[in-house]
Amino acid sequence: MANLYHNDIYKFEKPINSYWESTISTHGKYETFQKDLSTNVVVIGGGYTGMSCALSLAKQYNEEVVLLEAGHIGWGSSGRNAGFCCIPPAKMSVKKMFKKFGKKETKKFFQNTIEGSKFTKNLISEYNIDCDLTGDRNFEVAPHPSYFESIKDEAETYKKEFGIETQVYSKEEFNEIGHGGNEQFGAMSYQPGFAINPLKFLLGMANEAKKSGVKIFQKSKVTKIEKNNGKYKIISNGHTIKANKVVMATNGFYKDDIFPQLNNMILPVISNIIITRPLTKDEIKSHNFITNNPVLNIRNLLFYYRLLKDNRFLFGARGDLIGSEKSSLEKSKSMEKQMKNVFPNWSNVNIDFHWRGLVAVTAKFTPSIGKLDDDEIYYSFGYQANGVNTAPWSGNQLARLIMSNSKELDISNLYKGLPNKFPFPKLRLFYLRLALAYYKFMDKY
Ligand SMILES: Cc1cc2nc3c(=O)[nH]c(=O)nc-3n(C[C@H](O)[C@H](O)[C@H](O)COP(=O)(O)OP(=O)(O)OC[C@H]3O[C@@H](n4cnc5c(N)ncnc54)[C@H](O)[C@@H]3O)c2cc1C
């Protein structure tokens, strides 16, 4: 299958130059798969979904698990995201969810997503993972006065319909507790919400999974799966694992190349992050940047940011449509410009790090967790860029599904069922281009 993006973005063997990679070593901790094996469950993909699933299977069910990761552990989006624990994992308005799924299932969805945030936080405390946990809520900021009403409405809906604690702040109020700058016209907050160093969190989970008996192999890309007499042969590095069950936890980096039933369901969207040098106290003060909570600017073409513990500023946005190293650099330059338009007093601040990765958007616009009907193939993907909240919890749900006799999980219907395949899958980037043009138009206030 031809790549949707330039091959640069799929170089599993090459670590990305992220800020997170500079905060902790990922070298040499896990072996490469080089010997035939047999096991009960094989997990493909070593991000939050796969690692949480493997950890749950080994720890809670004493199950035999082998995990195969194409890059090093931490190579995928779980090791390179912005670390925001946000809700909800959906690219759909609440109004539309009510209409499509009904109030009961939508309420359950929000309840599950709050469970997801708590699940992530509990993993951190249960395993004492030192991952620079910060913040006690998430902020959403109006980029223009015309957005303030919709922010107030959202806060009201979250509170009234889902019992989520929210608070609304005028521009002046948010200037006192959040920040100033050119695109701050009031805000709202919701709880729970926090931020982490995403790579440290993943490596902490991997450590626990290994201690619990999961056989973890990195630099071990699965190239083929064969089914014989109800058993699976998983091929990687020219060797074979025989297994009874397979978990597909490859999310946005799946190249539609292993399992035809799951092909062409994901639109991988590039997301970029830039990080400044540490800001001085005066620079921080010049925009009243007080908060360490994650902040989302709610433009249709949204961007997000937060102040890190060493006073570097993280700024993230949708990426380019090409995927080469060159296009990534160009995108980081345009993001730098955008960041400096919003926070003009930082116009002389250098960018120390820039990188990107893939988030998984699907035509369903909500995640998909489940099992293929006539196969022992389990899947979880399509978190619509909300994996910190959703992926560890989903991995745990998959472990439950694998170990239960029932085919059903007691979770909201919004998570169930596979998304439709994209018609003419080669045109996925064209569909994205159209959507982006529409959002750009809508952001012209
Ligand atoms: C730049 C960026 C910023 C983001 N910011 C946030 C954020 O702030 N908050 C948030 O909630 N979410 C964020 N996300 C999304 C979040 O990172 C993902 O939703 C989450 O990490 C998904 O976890 P996962 O385990 O399902 O996938 P991944 O972490 O991507 O793991 C999948 C793994 O599968 C491996 N793989 C693929 N094919 C194969 C194969 N054939 N064989 C073996 N292994 C294979 C890949 O190497 C990869 O490591 C961001 C994503 C990006 C890219």
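Which residues line the second largest cavity? I put this to the structure first, keeping in mind that the model is predicted.

**Entry 1, the cavity.** I looked for enclosed spaces and found that the structure holds two cavities of 30 Å³ or more. I then turned to the second largest cavity, for which I noted a volume of about 90 Å³. Its lining, which I wrote down in sequence order, is made up of Met248, Ala249, Thr250, Asn251, Tyr254, Leu262, Ile266, Tyr379, Ser380 and Phe381. When I asked which element gives the largest share of this lining, I found strand S18 (residues 377-381), with three residues. Sorting the lining of the second largest cavity by class, I counted seven nonpolar and three polar residues, and no charged ones.

**Entry 2, the ligand.** I next went through the surroundings of the ligand, where I listed 39 residues, with Thr49, Glu69, Ser78, Phe84 and Val388 as the closest. For the polar contacts I noted three pairs in turn. In the side chain of Glu69, an N or O atom is 2.6 Å from an oxygen atom of the ligand. A polar backbone atom of Ala385 lies 3.1 Å from a nitrogen atom of the ligand, and a polar backbone atom of Gly387 lies 3.0 Å from a ligand oxygen atom. I also looked up how much of the ligand is covered: taken alone, the ligand exposes 1000 Å², and the protein buries 98% of that. Tracing the shell back to secondary structure, I found that the elements giving two or more residues to it are helix H1 (48-61), strand S12 (266-276), strand S16 (351-362) and helix H9 (387-403). By class, the shell around the ligand comes to 20 nonpolar, 16 polar and three charged residues.

**Entry 3, Thr166.** I located Thr166 in strand S5 (residues 165-169). Is Thr166 buried or exposed? I entered Thr166 as buried, because its relative accessible area is 10%, and buried means under 20%. I then followed the side chain of Thr166 and found that it reaches the backbone oxygen of Ala155 at 3.1 Å.

**Entry 4, Pro145.** I placed Pro145 in the loop between strand S4 (138-141) and helix H4 (148-162). Its relative accessible area is 47%, so I recorded Pro145 as partly exposed, a class that runs between the 20% limit for buried and the 50% limit for exposed. Finally I checked Pro145 against Gln184: the two are 39 residues apart in sequence, and their C-alpha atoms are 8.5 Å apart in space.

Note on methods
Residues are numbered from 1 along each chain as its sequence is written. This is a predicted model: local features need pLDDT of at least 70, side-chain atom pairs count only at pLDDT 80 or more; totals for chains, interfaces and linings use all residues. Side-chain values use heavy atoms; hydrogens and water are left out. On a 1 Å grid over the protein atoms alone, a cavity is a set of points where a 1.4 Å probe fits but cannot get out, and a pocket is an open set with protein on both sides within 12 Å along at least five of seven lines; lining residues have an atom within 4 Å of a point. Grid points are joined across faces, edges and corners, and a volume is the space filled by probe spheres set on the points. Ala, Val, Leu, Ile, Met, Phe, Trp, Tyr, Cys and Pro count as nonpolar, Asp, Glu, Lys and Arg as charged, and the others, Gly among them, as polar. A residue is near a molecule or strand if one of its heavy atoms lies within 4 Å of it. A polar contact is a pair of N or O atoms within 3.5 Å; within protein, one must be able to donate a hydrogen and the other to accept it, and residues adjacent in sequence count only if both atoms are side-chain atoms. Accessible areas come from the Shrake-Rupley method with a 1.4 Å probe; for residues, only the protein chains shown count as cover. Buried means under 20% relative accessible area, exposed over 50%, partly exposed in between (1.4 Å probe, protein chains only).
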